[in-house]
Amino acid sequence: MKAIIPLKASIFKVFFLIVLVLCITSCRKINPIENSFKNQAFVITEKEETETYFFISTANASKSIISKSQIAQQKSSDAIVQELGKRIEIQENQVLDEVSKMAAMKLIVITEINATHKRDLYNLIDAKGNDFNDVYLNAMKEALSDQIELFETISRETNDKQILELVLRFLPEQYKLLRETERIRKQNV
């Protein structure tokens, strides 16, 4: 009889441990379900991430180009460079306006994430005389090339109708401005 009591106690302990383990594992199974519902609310697809990057990068590039063009209109002694700066500024304001509208519709907030273009602005502000025109035209060539690359990249990676329309609307003008910038740059050399 005394041997049966320790046997019952050990069986009870094993049963209690099995119940405890089952409860813990079932609780862990419930949490992933709850977490998956929470995570689904914030799931970002690769397409959305690419489009967000496009909007932010394009807006930042446009802001940079606008700033440089405004400086060129004020500092350049060459009327051709001033006129180019004015046309580029108008074009980039249109690009920035459209990108901002589209981003707002997609609930994307555009902030200035990186300030790498500020170094270019300081170089432009510090440039004097004929050197200014060279610095400006080189900076514009690089900035327009980068923006064209953004447009081409997004056109390959998205099927979003609005983004593709934006690219088709502004890309030809960007190429035109780039060619004109290169032409004026070669004339000034």
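**Figure 1. Surroundings of I88 in helix α3 of the predicted model.** Helix α3 spans residues 79-105, and I88 is one of its residues. The relative accessible area of I88 is 0%, so this residue counts as buried. Leaving aside residues up to four places away in sequence, I88 is in contact with I65, S69, Y136, M140, L144, L177 and T181. For one of these contacts, M140, the C-alpha atom lies 9.1 Å from that of I88, although 52 residues separate the two along the chain.

**Figure 2. The salt bridge between K47 and E51.** The side chains of K47 and E51 form a salt bridge with an N to O distance of 3.8 Å. Both residues belong to helix α2, which covers residues 46-75, and because they are four residues apart, about one helical turn separates them. K47 is partly exposed, with a relative accessibility of 44%. E51, by contrast, has a relative accessibility of 5% and is therefore buried. In general, side chains of opposite charge can pair when their charged atoms come close.

**Figure 3. The salt bridge between E51 and K106.** E51 also pairs with K106, and their closest N and O atoms are 3.7 Å apart. E51 is part of helix α2, whereas K106 lies in the loop between α3 and α4 (117-126), so this salt bridge ties together parts that are 55 residues apart in sequence. With a relative accessible area of 28%, K106 is partly exposed.

**Figure 4. The salt bridge between R169 and E98.** In this view, the closest N and O atoms of R169 and E98 are 3.6 Å apart, and the two residues form a salt bridge. R169 is located in helix α6 (residues 161-188) and E98 in helix α3, so the pair ties together parts that are 71 residues apart in sequence. Helix α3 is also the helix that contains I88.

**Figure 5. A network of salt bridges that includes E51.** Which residues are linked in this network of salt bridges? The members are K47, E51, K106 and D160. Within the network, E51 pairs with K47 at 3.8 Å and with K106 at 3.7 Å. In the predicted model, the count of salt bridges comes to eight.

Note on methods
Residues are numbered from 1 along each chain as its sequence is written. This is a predicted model: local features need pLDDT of at least 70, side-chain atom pairs count only at pLDDT 80 or more; totals for chains, interfaces and linings use all residues. Side-chain values use heavy atoms; hydrogens and water are left out. Helices (H or I, at least four residues) and strands (E, at least two) are DSSP runs, numbered from the N terminus. Buried means under 20% relative accessible area, exposed over 50%, partly exposed in between (1.4 Å probe, protein chains only). Contact means heavy atoms within 4.5 Å. A salt bridge is a side-chain nitrogen of Lys or Arg within 4 Å of a carboxyl oxygen of Asp or Glu.
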